[in-house]
Amino acid sequence: MGSPQVTNLRQWPTLLLLLVIAASVQNADSQRIKDNMYASISGAHCFRRLNGTHVTGCSSRQGGSIGVLHLVRSVADIDFVVEQHPAGPYAPVIPPHLFTRENILRLRDQGGEHVSAVVLINNASELVQYSQESRCPNQFSGLISGTPDSCSVERPERSWNPWGTGLLLEDFPFPIYYVPHPEEIQKMVDCFAKFNNFDLENQHRRSLCSIEIKSFMSAAVDSRVCLARSIFFNSLNPVKFCDPLQGKNVFATLFPRVQVKLEDRKVDLNERIILVSSRMDTTTMFDGVGVGAMDSLVPFAVLVSVSHFLAKILPKRLQDDNPNVLFMFFNGESYDYIGSQRFVYDLQKGAFPTKGGLTNPLSLDNIDLMIDLGTFDDPNNLRIYHASELATVPQIAQAIDQINRKWNLNVTAEAPILTKNLPPVSSNSFLRENASFPSVVVTSAPGNRYYHSIYDDSENLKFVYGNHSRTRDFTELENLQQTIVDFPTNSIQMRLRNVSTLLGMTLYELVTKTAYPGTLGTSPYLIDEFLYCFLQSADCPLFMAAVKPDFPRPFPISPQRYISVHSTLPSEASSWTIRLLGFLIGQPLPNDTNTSRADCQALHLPYNWFAGYSGHGECRLTTQNFSQASSPAFLDDDYDFRSGRYSTWTESTWREMSARIFLQPAASHETLTLSIGFVVMLLSFVLVFLINSRSEVLFNQCGASTVP
């Protein structure tokens, strides 16, 4: 017979196994308890941006901000949060039509510590306007900023965005969280109705449905201070508090430029250029939300359509002295013209294009004319602005009028307006450096009530995808003498077809000095596909035609067009744009049907292989490339961030972003729980002391048995 000690030792493996099983069960139970306590809410966060003088955007507390949900149905509910707040702090849940400047600033300025977060829900049923941008976008980067004749924030009739609230430029000490999905909204509404929406005066006496939002932003003060902090801490530990906004511009030329040896590169003033530009970026208050349908995608689509039209009808110069056309798509224009400022800077330094292109650098003196496309909120009614006397302006106006009447395009243009108070367009960057720069702005009167907002989408544009790519080749031009029955005459596809045809034919006259003799116009099928790709799904026929045949299919979501921060790879929008320009402007090789992929790749750049409309592959001579879209302010260590010459926008870094709802106990409940825990702890100490003092009696063991 074994001794008790031996028996106990033999029981240890069994006890250890039981302990492991118990721990596993306890872990599983705790995970289920956690899931029962919290319900995640998916959405988009407002984040923090900074410039040379201010900080804008939102941030939670470092450990997260917690607030009691309160559904706002009217201004009276905001009064309740600001003035009564019996439980607080609160997280008002606000529909868009009540997300006004007056209401949000009241929550910030009067709510104080009683407001810890704001939740914006997607409910556009009562919405008639919604723009968080300023009434004067890029107000301090215009040609005559700060003068009495410039855009006025105080007078909507003298502004470029009459419906702007300016909330995009405000700083909020609490997070603002956007919830777009109906099922997530219903979670919060049900929780509010079950636990919060009764006996409001006595909310503090019971547990309440609350939300925890984590979106702490590292940056503070302004860009200069933030970058200085990053440099200081980087010397000890690689920590960044903010990053400059930057990306890539995309450009292409109508005709291939002459290639030169690297050592022979120099500015050739005999090379003449017509610059045609638009912006390609957009922005909103929330991360990753907003497609900028009307504010920038429309002129973006028009310029792509114009460039494709000219490449089709002018595959080569008619005369040796015909100027080349430089199609420029600027990035970061939403933030004080980042892309165009860098382009002008590079032209002044002889750094555009880069040496890798093996072509001569260009300067401002090479540009005979700039045609800058602004917003086309009403594509049927155009306005022409110019800041200096230009002989080409009457010529452009006359050409537009004649082409419109000839082809009955239903596009009218007002008499050209000579003014230095230009709309928020890239021309401001050029004119600030040279007041007599030959720039003409083609735009329309402000009409977008959702400028730079989450609701500037397909619905705002009244876009309905035609989806005719299987039966109609969108790479072919359309005969203007034939009626197109696939799109209504008032559809956005036809309206943009008309204005792009008008501008394309006008540019033809400027390049060749002769009227366009043909009957072809731009394609509404191409515009249809372009808008679908950028508004709804990158997995689209146009994008797949502009890549190699074996390119993996992209996610069926719209590409992001926010400029973002530094990355080793170009943004989605820039990457797709450069492919599109290569495919739509690039010229196919003669007898291309006999060219294989290997043959095309053997030619090296600038020849590229594309899937093409058929998907079988085709080789094209291309002219597209990237250029930097980063502010010159960050190239000079001694730059004065308060000078206002260049854009100084940066974006804060963050570590975690999340949101979840849970049932937050009342203060009395928390006090009771703490008290009970404290009492149990004291009793435990007493019990342990008593057991320890009587251990000889309670745990007395018999001596080991002896063997006779």
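# Questions at a domain interface

Reader: What makes you say that domain 1 and domain 2 are in contact?

Author: Contact here means heavy atoms within 4.5 Å. By that test, 22 residues of domain 1 meet 14 residues of domain 2, so the two are in contact. Bear in mind that this is a predicted model, where local features need pLDDT of at least 70 and side-chain atom pairs count only at pLDDT 80 or more, while totals for chains, interfaces and linings use all residues. Residues are numbered from 1 along each chain as its sequence is written, and side-chain values use heavy atoms, with hydrogens and water left out.

Reader: How do you know where domain 1 and domain 2 run?

Author: Their bounds come from an automatic or database domain assignment. It gives 36–130 + 165–217 + 657–669 for domain 1 and 246–586 + 622–630 for domain 2, with 587–621 as domain 3. The C-alpha centres of domain 1 and domain 2 are 40 Å apart.

Reader: How much area do domain 1 and domain 2 bury, and what is it made of?

Author: Buried area is the accessible area (1.4 Å probe) that two parts lose on being put together, summed over both. For this pair that comes to about 1,600 Å², with 67% of it on carbon and sulfur atoms. On the domain 1 side, the biggest losers of area to domain 2 are Arg-49, Tyr-130 and Leu-168, together 36% of what that side buries.

Reader: How many salt bridges and polar contacts link domain 1 and domain 2?

Author: A salt bridge needs a side-chain nitrogen of Lys or Arg within 4 Å of a carboxyl oxygen of Asp or Glu. The rule finds zero of those across this interface. A polar contact is a pair of N or O atoms within 3.5 Å; within protein, one must be able to donate a hydrogen and the other to accept it, and residues adjacent in sequence count only if both atoms are side-chain atoms. Nine residue pairs pass, both residues being at pLDDT 80 or more.

Reader: Which strands supply at least two residues of the domain 1 side?

Author: Strands are DSSP runs of E, at least two residues, and helices are runs of H or I, at least four, numbered from the N terminus. Strand 2 (44–45), strand 7 (118–121) and strand 9 (176–179) each do so. Strand 9 gives the most, with three residues.

Reader: How do the residues on that side of domain 1 divide?

Author: Into 17 nonpolar, four polar and one charged. Nonpolar covers Ala, Val, Leu, Ile, Met, Phe, Trp, Tyr, Cys and Pro; charged covers Asp, Glu, Lys and Arg; the others, Gly among them, are polar.

Reader: What about the backbone at Pro-89 and Pro-606?

Author: Gly-88 to Pro-89 is a cis peptide bond, with omega near -5°, and Pro-89 sits in the loop between helix 2 (75–84) and strand 6 (90–94). Leu-605 and Pro-606 are also joined by a cis bond, omega about 10°.
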